[in-house]
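Got your viewer open? Let's walk through this one stop at a time, selecting a few residues at each.

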Amino acid sequence: MDGQESAEAKVAAAHGGEGPNIKSRTGTEHSMRQGDAESRVRSPSGAGRQAAEPPMAQRRAPNRTACEDNARDGTMELIQAVMRRENMIAAHQRVVQNGGAPGVDGMTVEELMPFCQKHWTRIREEVLSGTYQPQSVRKVAIPKPGGKGTRMLGIPTVMDRLIQQALLQVLQPIFDPTFSEGSFGFRPGRSAHDAVRRAREYVESGYRWVVDMDLEKFFDRVNHDVLMARVARRVKDKRVLLLIRRFLQAGIMEGGLVSGRTEGTPQGGPLSPLLSNILLDELDKELERRGLRFARYADDSNVYVRSEAAAERVMASLERFLWERLRLRINRAKSAVARPWERKFLGYTLTRNLKPRLKVAPESHKRFKERLKSLWRRGRGQSLETTIEQLNPIIRGWTAYFRLAEVKAGFHEQDAWIRRRLRCLLWRQWKKPCTRLKELRRRGVDVGRSHAGSMNSRGPWWNAGSSHMNQAVPNAKLREMGLISCQEEHQRLACS
């Protein structure tokens with residue numbers, strides 16, 4: 001049951017729009033059309049294709065996509081569907097929308113179009129012939145919430161991200177319909193909120209014990225052979241399978257040195273979330289076979305049962321299953337058998353009522369405060385209005401994610417903490433006692449209290465919560481400066 005941070009970053013979205021085939025950019029347009037034309041020339045029908053074609057109604061009768069054909073009988077070459085012009089346009093648009101840092105070659109998403117205009121014919125031929133070699137991924141370590149170690153990301157080059165996105169758009173319709181109803185991560189039309197709602201339904205139905213499973217370094221420990229065996233069950237095109245394996249085995253560059261990779265699918269590429277779902281779908285199917293109630297979002301999985309003894313049995317049996325079938329281990333330090341209100345799931349937790357209510361987990365409040373540390377540091381050298389302007393989008397995003405919370409107290413406490421932090425910034429900016437005295441007097445605090453407040457030896461945080469600062473900078477003044485309220489924003493979202 002991990003926090004909301006990963007959940008925000010793990011939401012699948014729809015594809016579409018323009019891409020490397022925009023008509024105004026004739027270079028890539030010509031290259032992709034040329035590739036399509038070459039494919040038609042190589043077809044057996046040649047110049048007499050029109051005469052040999054069946055009537056339009058007969059041609060449309062099967063009405064099957066390349067994905068469906070591939071999954072059904074393996075006769076359709078899936079790689080052709082991946083490299084279709086329309087699919088590449090949508091993939092390019094998605095990569096540009098997502099942005100992201102450059103890979104090992106330093107190419108940005110803005111430079112992708114000019115590169116495609118010059119090299120697309122060669123790249124397309126390499127992919128179709130099975131000779132395309134992905135570049136190494138750039139290793140980036142980001143701190144985990146709470147300072148508990150680091151999380152490794154692998155940033156592919158933008159060209160590799162384009163090919164991965166094109167693969168994702170073709171493979172998703174093949175695999176997604178086969179996934180379990182209890183799986184919510186990285187799937188179109190599903191979200192972390194759906195997973196949280198499902199968890200609450202189970203607890204409300206009387207399943208008031210939870211098996212909270214955390215997979216140990218999941219994205220770093222995925223066994224390539226086990227994963228590819230499951231992909232090959234539904235993908236028959238060997239060139240697609242070879243391309244996916246090459247992406248999995250692409251080296252990792254750190255400090256200018258490239259090291260090989262024999263396991264894991266680093267987070268950072270568009271294809272990684274789908275591959276994780278393909279592997280963990282076997283866990284989902286096992287849980288369904290046993291008739292267990294569960295909700296899974298990526299590698300965060302909760303199983304709900306009626307008794308502690310049943311929960312312990314499920315934990316032990318799933319630990320064996322994960323190792324024997326998927327070569328994955330459960331992180332015992334982070335996993336537990338407990339009551340749902342003693343654990344958190346995707347940043348939320350529950351009350352212990354017979355009809356449980358959702359609320360923001362204490363750890364989520366703590367992470368929110370940690371996220372704002374850099375903003376408070378910057379705020380010492382800028383106006384309060386500028387700090388509020390930078391703070392408001394963070395408040396909106398955090399509150400929007402936790403709009404399902406039914407316990408309001410946490411939002412009120414968050415507002416009070418934010419206002420005190422802003423007053424603390426002002427107190428630090430005033431620095432000298434004489435400046436503080438002048439500012440307090442200017443803001444309407446009487447002489448005696450201004451003198452006592454400005455000359456005390458207490459620290460900035462104590463003074464930010466004192467009566468003289470609350471009078472000098474009241475809540476109404478902060479609202480006038482543009483500060484939005486977590487509580488009011490939550491009420492607005494709840495009513496919308």
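Start by selecting Glu86, which is partly exposed with a relative accessible area of 46%. For this whole tour, buried means under 20% relative accessible area, exposed means over 50%, and partly exposed is in between (1.4 Å probe, protein chains only). Add Arg84, also partly exposed, at 42%. Glu86 and Arg84 form a salt bridge, with their closest N and O atoms 3.5 Å apart. That term stands for a side-chain nitrogen of Lys or Arg within 4 Å of a carboxyl oxygen of Asp or Glu.

A quick word on what you're looking at: this is a predicted model, where local features need pLDDT of at least 70 and side-chain atom pairs count only at pLDDT 80 or more, while totals for chains, interfaces and linings use all residues. Residues are numbered from 1 along each chain as its sequence is written, and side-chain values use heavy atoms, with hydrogens and water left out.

**More salt bridges**

How many salt bridges does a search of the whole structure find? It turns up 22. Select Arg239 and Glu77 for another one, at 2.9 Å from N to O. Arg239 sits in helix H13 (residues 238–249) and Glu77 in the loop between helix H5 (66–73) and helix H6 (78–82), so this pair ties together parts that are 162 residues apart in sequence. Helices here (H or I, at least four residues) and strands (E, at least two) are DSSP runs, numbered from the N terminus. Arg239 is partly exposed at 22%, and Glu77 is partly exposed too, at 42%.

Next, pick Glu282 and Arg230. Are these two buried or exposed? Glu282 is buried, with a relative accessible area of 11%, and Arg230 is buried, also with 11%. Salt bridges that share partners join Arg230, Arg233, Glu282 and Arg325 into one network, so add Arg233 and Arg325 to your selection. Within it, the closest N and O atoms of Glu282 and Arg230 are 2.5 Å apart. Glu282 belongs to helix H14 (residues 272–289) and Arg230 to helix H12 (residues 224–232), so the pair links parts 52 residues apart in sequence.

**Two backbone stops**

Most residues other than glycine have a negative phi. Now select Lys217, which is not a glycine, yet has a positive phi of about 45°. You'll find Lys217 in the loop between strand E3 (209–214) and helix H11 (218–221). Then jump to Ala298, where phi is also positive, near 60°. Ala298 lies in the loop between strand E6 (293–297) and strand E7 (300–305), and is buried at 1% relative accessibility.

**A patch of charge**

Show the surface and select Lys366, Lys373, Arg377, Arg378, Arg380 and Arg428: they gather in a patch of positive charge. Patches like this take residues with over 30% relative accessible area and no salt bridge, joining like charges within 9 Å. Which helix gives the most to the positive patch? That's H17 (residues 373–379), with three residues. Lys373 lies in H17 and is partly exposed at 48%.

**Last stop: a two-faced helix**

Finish at helix H20 (residues 433–442), and select Arg436, Glu439 and Leu440, which are buried. They cover an arc of only 100° around the axis, which puts them on the same side of H20; the arc is that of the directions from the helix axis to the C-beta atoms. Now turn to the face pointing away from that buried side, and you'll meet the exposed residues Cys434, Lys438 and Arg442.

Note on methods:
Patches are made of residues with over 30% relative accessible area and no salt bridge: like charges are joined within 9 Å, nonpolar side chains (Val, Leu, Ile, Met, Phe, Trp, Tyr) within 5 Å. Accessible areas come from the Shrake-Rupley method with a 1.4 Å probe; for residues, only the protein chains shown count as cover. Lys and Arg count as positive and Asp and Glu as negative; His and the chain ends are not counted. The place of a charge is taken as NZ of Lys, CZ of Arg, CG of Asp or CD of Glu.
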